[in-house]
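Biologist: I would like to go through this structure with you slowly, asking at each step what makes a label fit. Could you show it to me before we begin?

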Amino acid sequence: MKKKFLLFTLLLFFFVQSFAVVTLNLVGEWKAETISGHVEDGDRFTSGKIASYVITEQNDYAFKGYKLIDTVYEKGMKENFSGVISYDGKKLYFAEHHDGYAFADVVTDDLLYFYYLEAKEAKAVIVKLNRVK
């Protein structure tokens, strides 16, 4: 009887978890620091670049915002993006409105690791994002 009760309790726990609602709130400013990357333009490796990501609105699993970044062509360039949170709340998926895509690991509510890919100018970059408090 105890085994059946334990099995029932475990099944109930996993069933309830399958309907869990993500409580991750991304709205706010995030400081971004490039950990490592490669850019085809100039065939160069990059690290240490600082940028700012701002998530302006979130509706359940979907969000939108913009990034401010200094590029070799323009200082303070603003690019808008849209994104979604994975159902389990552990991954983020970004689509810039013009060219790039990114995937992110949610480490904590205040720390993300962001993997940016762009085919147009061939970029692959790892970025650490910390929430600005």
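Biologist: Buried or exposed, which word fits F63 and F81?

Modeller: F63 is buried, and F81 is buried as well, where buried means under 20% relative accessible area, exposed means over 50%, and partly exposed covers what lies in between, with a 1.4 Å probe and protein chains only. Please keep in mind that this is a predicted model, in which local features need pLDDT of at least 70 and side-chain atom pairs count only at pLDDT 80 or more, while totals for chains, interfaces and linings use all residues. Residues are numbered from 1 along each chain as its sequence is written, and side-chain values use heavy atoms, with hydrogens and water left out.

Biologist: How do you describe a pair of aromatic rings in general?

Modeller: Such a pair is described by the distance of the centres and the angle of the planes. Rings of Phe, Tyr and Trp (its six-membered ring) pair if their centres lie within 6.5 Å, and planes under 30 degrees apart count as stacked, over 60 as edge-to-face and the rest as tilted. By this rule there are eight aromatic pairs.

Biologist: Why is the pair of F63 and F81 called edge-to-face?

Modeller: The ring centres of F63 and F81 are 6.5 Å apart and the planes stand at 75°, so by the rule for angles the pair is edge-to-face. This pair links distant parts of the chain, since F63 is in strand 4 (residues 62-69) and F81 in strand 5 (residues 77-85), 18 residues apart. Helices (H or I, at least four residues) and strands (E, at least two) are DSSP runs, numbered from the N terminus.

Biologist: What makes the pair of F81 and F94 edge-to-face?

Modeller: For F81 and F94 the centres are 5.2 Å apart and the planes at 65°, so this pair, too, is edge-to-face. F81 lies in strand 5 and F94 in strand 6 (residues 91-96), so the pair ties together parts that are 13 residues apart in sequence. F81 and F94 are both buried, and one aromatic cluster is formed by Y53, F63, F81, F94 and F114.

Biologist: How do you know that K67 forms a salt bridge with E79?

Modeller: A salt bridge is a side-chain nitrogen of Lys or Arg within 4 Å of a carboxyl oxygen of Asp or Glu, and for K67 and E79 the closest N and O atoms are 3.2 Å apart. E79 lies in strand 5 and K67 in strand 4, so this bridge ties together parts that are 12 residues apart in sequence.

Biologist: How do you know that K67 forms a salt bridge with E96?

Modeller: Here the closest N and O atoms of K67 and E96 are 2.7 Å apart. K67 in strand 4 and E96 in strand 6 are 29 residues apart, and the pair links distant parts of the chain. K67, E79 and E96 are therefore linked in a network of salt bridges, and the chain has eight salt bridges by this rule.

Biologist: Why do K67 and E96 count as buried?

Modeller: K67 has a relative accessible area of 5%, so K67 is buried, and E96, at 12% relative accessibility, counts as buried for the same reason.

Biologist: Why is D110 called partly exposed?

Modeller: The relative accessible area of D110 is 26%, which falls in between the two limits, so D110 is partly exposed. The side chains of D110 and R131 meet in a salt bridge, with 2.7 Å from N to O. D110 lies in the loop between strand 7 (101-108) and strand 8 (111-118) and R131 in strand 9 (residues 123-131), so the pair ties together parts that are 21 residues apart in sequence.

Biologist: What makes K67 lie over the face of Y116?

Modeller: A charge sits over a ring if NZ of Lys or CZ of Arg is within 6 Å of the ring centre and within 35 degrees of the ring normal. K67 lies over the face of Y116 at 4.6 Å from the ring centre, and K78 lies over the face of Y66 at 4.4 Å.

Biologist: Why is G65 called buried, and what does G65 touch?

Modeller: With a relative accessible area of 7%, G65 is buried, and G65 lies in strand 4. Contact means heavy atoms within 4.5 Å, and, not counting residues up to four places away in sequence, G65 touches V54, I55, T56, E79, N80 and F81.

Biologist: How many helices and strands does the protein chain have?

Modeller: The protein chain has one helix and nine strands, and buried residues make up 31% of its 133 residues.
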